[in-house]
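Colleague: I am new to this structure and would like a close look at a single part of it. Please choose one charged pair, follow it into its surroundings, and explain each term as you go.

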Amino acid sequence: MNAMLHRLKSIAMTIAVVFLLAGCQYTPNLEVNPWVVQSLPTESTFADVAFTDDLSRGWLVGNKGTLFETTDQGKTWTAHSLNLNGESVTFDSISFYGNEGWIVGEPAILLHTLDGGDHWERVPLSDKLPGSPRTIVATAPHSAEMTTSVGAIYRTSNDAQNWKGLVEEALGIFRNISRSPDGSYVAVSSRGNFYSVWDNESQTWQPFNRHSARRLQNMGFTPDGNLWVLGRGGMLQFGDAQDPEAWEDPQYPEFSTSWGLLDLAYQTPDDIWAVGGSANLLYSNDGGETWLKDRQVEKVPSNFNRVKFIQPDLGFVLGQRGTLLRYDPNQEMT
């Protein structure tokens, strides 16, 4: 009899835990969807988007040499092709300072424009460049900062005629790399088992072991210069850039997700968007304390790889097979 009672209690506790977890897995709905789904005429996966200083003209880049231009803040897009002598390239990053723009990609390509994209000029790169260009940030007139696929960081102030190396040793293959407005960097290793940080006062990357059993997916900076990290299984944590090993308790914006989260972006210091596989799109209006799920886009046949805001009312979610979501500020948020 005692054995039977013990078994019944165990079953009851198991059922209670199951219902408790089921309740925790539900993320409330975002009642109003502020995103317009666009399908561009390409099978490419988009990697980055950037705008000139007038904010009506912008460029979208991706694999297979994909290059699209908009002159109406992203409402419509026109495909462009560049004469690359038949070379197959992937465009990974684009950035503008005024009308001066830069594009980098692989294998080892750097493009430069001084007229908003009317003309793109290919800039020669040294054969000794460690890795392929991965990211580019236009920092001032005729100036940019470039990273490579092995974590080398270079800076130019004369239209890429010369580059200055900023780190003594390359980092190695990484999964993601992000730059803060003050010029600091954080990168996630290719396997997601450690991360590294670099700032302007350092000569080398400083590595740290991951702080969770979950492998890391992506990292970046909050508007106040601190860190955020996404881990496998939809984990999110916020940290302190002054102490890269100090992290708040992990949270799961959508605990039940099996696809995980791939990127996060701040629209304002309080408004945050997170995206992931299988058209996963989440929103927080309180700095990441609570989350809502935009279920009106979950049937879009694409993974959402990146979310980026040029300014609070100009933002995009980048997907696969020509899928692009444009933020529409005319739709009222809840």
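Modeller: A salt bridge here is a side-chain nitrogen of Lys or Arg within 4 Å of a carboxyl oxygen of Asp or Glu. The model is a predicted one, in which local features need pLDDT of at least 70 and side-chain atom pairs count only at pLDDT 80 or more, while totals for chains, interfaces and linings use all residues. Residues are numbered from 1 along each chain as its sequence is written, and side-chain values use heavy atoms, with hydrogens and water left out.

The pair to look at is Lys 308 and Asp 48, whose closest N and O atoms are 2.9 Å apart in a salt bridge. It links distant parts of the chain, for Lys 308 lies in strand β26 and Asp 48 in strand β2 (residues 46-51), 260 residues apart; strands are DSSP runs of E with at least two residues, helices are runs of H or I with at least four, and both are numbered from the N terminus. Both partners are buried, a word that stands for under 20% relative accessible area, with exposed meaning over 50% and partly exposed in between (1.4 Å probe, protein chains only). Arg 306 joins them, and Asp 48, Arg 306 and Lys 308 are linked in a network of salt bridges.

The whole structure holds eight salt bridges, and two others help to place this one. Glu 145 and Arg 179 form one with closest N and O atoms 2.8 Å apart; Glu 145 sits in strand β11 (residues 143-148) and Arg 179 in strand β14 (residues 174-179), 34 residues apart. Glu 145 counts as buried because its relative accessibility is 2%, whereas Arg 179, at 26%, counts as partly exposed. Glu 87 and Arg 122 also meet in a salt bridge, at 2.9 Å from N to O, with Glu 87 partly exposed at 31% and Arg 122 partly exposed at 35%.

The strand that carries Lys 308 also takes part in the largest nonpolar core, which has 16 residues, among them Trp 35, Phe 304, Val 307 and Val 317; such a core is a set of buried Ala, Val, Leu, Ile, Met, Phe, Trp, Tyr and Cys residues joined through side-chain atoms within 4.5 Å. The largest share of this core, three residues, comes from β26. Within four places in sequence aside, Val 307 is in contact (heavy atoms within 4.5 Å) with residues including Trp 35, Trp 273, Phe 316 and Val 317. Leu 325, in strand β28 (residues 323-327), counts as buried because its relative accessibility is 0%. Its C-alpha atom is 9.1 Å from that of Val 307, although the two are 18 residues apart in sequence, and beyond four places in sequence Leu 325 touches Trp 35, Phe 316 and Val 317, among others.

A word on confidence closes the picture. The pLDDT is the predictor's confidence in each residue, from 0 to 100; its mean over the chain is 90, and 90% of the residues reach 70 or more. Over residues 1-24, however, the pLDDT is below 50, and this stretch has one contact in the model beyond near neighbours in sequence.
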